[in-house]
Amino acid sequence: MKRSYIPQPRSHFLRITCECGNVQEVFSHATTNVVCRVCGKTLAEPSGGIAKIYGSVIEVLD
Ligand SMILES: [Zn+2]
């Protein structure tokens, strides 16, 4: 068996709850800082691939 495909990290949207209670959708491979639109806290930070997520992921969306 030969594996000729290159594995691609799948990107998707994550539904995240901020500690203030705001629910916001964040791209899993965000390339810019994503801040909570209510309290301004950083929810995601770029890290060269999958973004660093701060907050609780409650759902993964395609
Ligand atoms: Zn917040």
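This short talk describes the fold, the sheet, the core and two residues of one protein.

Good morning, colleagues. Please keep in mind that the structure before you is a predicted model. The mean pLDDT of the protein is 90, and 85% of its residues reach 70 or more. Among the elements, strand S4, residues 42-45, has the highest mean pLDDT, at 97. The lowest mean, 94, belongs to strand S6, which covers residues 56-61.

Let me begin with the overall architecture. The protein contains six strands and zero helices, and its pattern along the sequence reads β-β-β-β-β-β. Of the 62 residues, 16% are buried. Among the contacts with a separation of 6 or more, 30% are between residues 24 or more positions apart.

I turn now to the sheet. Three strands form an open sheet in the order S3-S4-S5, and their pairing is antiparallel. Which strands stand at the edges? They are S3, residues 34-35, and S5, residues 52-53; each has a single partner strand, so one side of each is left without a neighbour in the sheet. The antiparallel pairing of S3 with S4 runs over two bridges. Within S4, Ala44 is the residue that stands opposite Val34.

Both of those residues appear again in the core. Val34 and Ala44 belong to the largest nonpolar core, which has nine residues in all. The other members are Leu14, Ile16, Cys18, Ala30, Cys36, Leu43 and Ala51. Two elements, strand S1 (13-17) and S4, give two or more residues to this core.

Leu43 is a useful residue from which to view this region. Leaving aside residues up to four places away in sequence, Leu43 touches Ile16, Cys18, Val34 and Cys36, among others. Its list of contacts also includes Gln24, Val26, Val35, Tyr54 and Gly55.

Finally, consider His29, located in the loop between strand S2 (23-27) and S3. Is His29 buried or partly exposed? His29 has 16 other C-beta atoms within 10 Å and is therefore partly exposed, since a buried residue would need 20 or more and an exposed one would have 12 or fewer. With residues up to four places away in sequence not counted, His29 touches Ser11, Gly49, Ile50 and Ala51. Of these contacts, Ala51 is also a member of the nonpolar core just described. The C-alpha atoms of His29 and Ile53 are separated by 10.0 Å, and the two residues lie 24 residues apart along the chain.

Thank you for your attention.

Note on methods: Residues are numbered from 1 along each chain as its sequence is written. This is a predicted model: local features need pLDDT of at least 70, side-chain atom pairs count only at pLDDT 80 or more; totals for chains, interfaces and linings use all residues. pLDDT is the predictor's confidence in each residue, from 0 to 100. Helices (H or I, at least four residues) and strands (E, at least two) are DSSP runs, numbered from the N terminus. A nonpolar core is a set of buried Ala, Val, Leu, Ile, Met, Phe, Trp, Tyr and Cys residues joined through C-beta atoms within 7 Å. Two residues are in contact if their C-beta atoms, placed from the backbone, lie within 7 Å. Two strands pair if DSSP finds at least two bridges between them.
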